[in-house]
Amino acid sequence: MRQDQSDGGARRAVFSPVDSRARVDTVVRRLGDAIELGLLADGEQLPGESALAGRLGVSTVTLREALMALRQQGLLITRRGRGGGSFVSLPELPAEDRLKTRLRGWSTEELRDLGDHWAALSGAAARLAAQRTEPEDLRQLCRTAEELRRAEDAPARSRLYGRFHVELAAAAQSARLTREQLALQGELGALLCLVLADDTCREEVADRQREVISAVQDGAHETAGTLAERCVRESTARLVAVRLAL
Amino acid sequence: MGVSPGLAALGTEPEPWVAAQIGGALEAVFEAVAATRADTAALLTRAATEGRRPASADLAALRPGLHRRLVRDELVSGVGFVAAPGLLADVPAWLEWWQCGADSGVRPLLLDLDPGRSAYSDYTHWDWFALPRDTGRRAVAGPYVDYLCSDEYSLTLSEPVYLQGEFAGVAAADVYLRHFEAAVLPLLRRLARPAHLVNARGRVAASADPAHLAGSLTKGPDFGELLVGESRIGVHEGMRLVPCRGIPLVLVLA
C-alpha cells in the first residue's frame, strides 16, 4: 500500500496520454514551417479536420489544439459555414520576424539537443561516405556547395544547406541515415533561414562544405566526420545565439 | 566461352551460369522498361501527328500498362516515364511514376517540382536520367539511396525515349536492393567460393560474402573496362571476375 501511495504520481503519469503536448507542438511546427517555407501558399485551404488528423496520424483533439495555436500565431484563419474551413494566412510581418516568433517556441536545450542529433547524423554520414565514395558520388555535393555560394535569398540557402546533408547521407550509402536527415531538415529548415540570411555565415558554411567534400574525396574519414560535425555545431551555435537575443 | 543453360552446366561451369541467371533476372525488369518506352513513344508520336505538343494529361494513358507491370514483376517496385524538361506543353517537368503501395496497391508519386519551393526539383543529373540521355543506351544506375522517389536503397534500370529522333526523356523501373538480394542470393550461394556482385564502379550490389557487403566498394580491378570488353572472365589478385552478359554487373569470387 505504501508503495502505491509513494508511486502515485508516477503511476498517474503512466496512464496519462502519450506525449500529447509534444504531438501538438510537432503539428504546430510542421504546419508552421510549411507555411513559412511556402509549401502551403497564402490563402490555401487545409484539408478537413478529420482528413488532416488522419494524414498526420494524430487525434482530432490534438489537431484542433494545434490549429488553435496556429491561429494565435496568425498563420491560419478559420471561416465558418458553407465553403468554410482553415485557410493559410501569411501575416503582414516580415518573414524574419515571423521566424523569430517561431524560434521562440524552441528552448535552447531543445536546440542544443537537435544540434547534437544533427551532428551525430552528419558526422557518421561523412565518415561512412569517405570509406564508400568514389569521385562520381561527389558531383552532387559539389554542385550543392556551388549553388549555395550563389544563392541570394535565405529560403533558397536553407534548402541547399539541407540538401547538402541529405546528399552526404546518400553518399554514405545509408537509406536510414538519409531518411533521418530528411526528417531532421524538415524540422529545422525554416529556422536556418535566420542564420543563413547573413552573408558571412553563408560563406563560412560554404567553406566548411568544401572542406568536408575534400576530406571525403581523400578518404580521410575521421577528418571528414570531425569537419561535418563542426559545420553543424557552428550553425546550431549561431541559431542558439539568435534565440538568446530574442 | 559459351554459356551453357540449365543445371547440367552446374558441375562444370557454375560461375558463367550464375552470372547468366542474374543477368536474366534484370533482363525481365528491362522488359518492363522497354514496354514502357514503347507505350510512351507511341503516345508521344500520336500527339505529334495531331500537330500538337504532348501534355501531362496524355501520359495518363500509360497507367494501365504501368500498373500491370508493377503487379506482375516481383522485382519492380516503381515504374514510369520521366519527361525531359520542356517536352510537355503544360508543365516544365514531369514524372509519370507509379510505385507499389504498402497495402499491395499501386500509388502515384507526387513530387513538388517547383524550383522556388523544392531543392530536389531538378532530376536531370541523376544517373538514371543522365546515362541514357548521354549514351543513347539503356543503363543500370546504382545501387544508390533514392531520396527523390522512394527513400530506398535501389537499382534503377532505364532506357532513353525518343520523339522524332530527339531525346524526350527516360522510361525506367526501380528495383529495391533488398528485393534484388532476395532474388540473387540463392544463386550466389550455389558457388563454392564467397561471391558478390559489383557495378561498373566497383560498388557492391548484392553479396554472399561477409567481407564485401552491399554499398561498400571493391577496390582494385577496373570493372568498367571488363564490362566494355568481350565479356571474358578476368583475374585480379586471386579474385575471379565474371561479367554478367548484357548487364553492367560483375560477379566477383574471393
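Student: Over which residues of chain A does pLDDT stay under 50?
Tutor: Since this is a predicted model, confidence is a sensible place to begin. Chain A has a mean pLDDT of 86, and 89% of its residues reach 70 or more. The stretch in question, for which the model has 0 contacts beyond four places in sequence, covers residues 1-6 of chain A.

Student: In what order do the 5 strands of the open sheet in chain B lie?
Tutor: The pairing within this sheet is antiparallel, and neighbouring strands are turned by 25° against each other on average, direction ignored. Each of the edge strands, β8 (204-207) and β9 (234-236) of chain B, pairs on one side only. Reading across the open sheet, the order is β8-β7-β11-β10-β9 (chain B).

Student: Which residue in β11(B) stands opposite Leu241(B)?
Tutor: Strand β10 (residues 239-243) of chain B and strand β11 (residues 249-253) of chain B run antiparallel and are joined by 4 bridges. In β11(B), the residue opposite Leu241(B) is Val252(B).

Student: What angle does the direction of helix α4 of chain B make with that of β8(B)?
Tutor: Helix α4, residues 177-188 of chain B, packs on the sheet, where it touches β7 (195-199) and β8 of chain B. Between the direction of this helix and that of β8(B), the angle is about 50°.

Student: How many residues does the largest nonpolar core have?
Tutor: Among the residues with the most contacts inside this core are Ala126(A), Leu197(B) and Val250(B). Beyond its neighbours within four places in sequence, Val250(B) is in contact with residues including Leu197(B), Phe223(B) and Leu241(B). A second, separate core, which includes Ile35(A) and Leu63(A), has 14 residues, whereas the largest nonpolar core has 115 residues.

Student: Why is β4(B) described as largely enclosed by the rest of the structure?
Tutor: Strand β4(B) pairs with β5(B) in the antiparallel sense over 6 bridges, and Val145(B) stands opposite Tyr153(B) in β5(B). The two strands form a hairpin with 5 residues between them, and Asp151(B) in the turn has a positive phi of about 60°. The strand is largely enclosed because, of its 8 residues, the number buried is 8.

Student: How many of the residues on the side of chain B that touches chain A are charged?
Tutor: The contact takes 18 residues from chain A and 13 residues from chain B. On the chain B side, β4 (139-146) and β5 (152-163) each supply at least two residues. That side includes 6 nonpolar and 3 polar residues, while the charged ones number 4.

Conventions: Residues numbered from 1 in each chain as written. Chains lettered and ligands numbered in written order. Predicted model: local features only at pLDDT ≥ 70, side-chain atom pairs only at ≥ 80, totals over all residues. Pairing = 2+ DSSP bridges. Axes fitted to C-alpha atoms, helices over the stretch in contact; angles between N-to-C directions. Contact = placed C-beta atoms within 7 Å. Nonpolar A, V, L, I, M, F, W, Y, C, P; charged D, E, K, R; others polar. pLDDT = per-residue confidence, 0-100. Core = buried A, V, L, I, M, F, W, Y, C linked by C-beta atoms within 7 Å. Buried ≥ 20, exposed ≤ 12 C-beta atoms within 10 Å, placed from the backbone.
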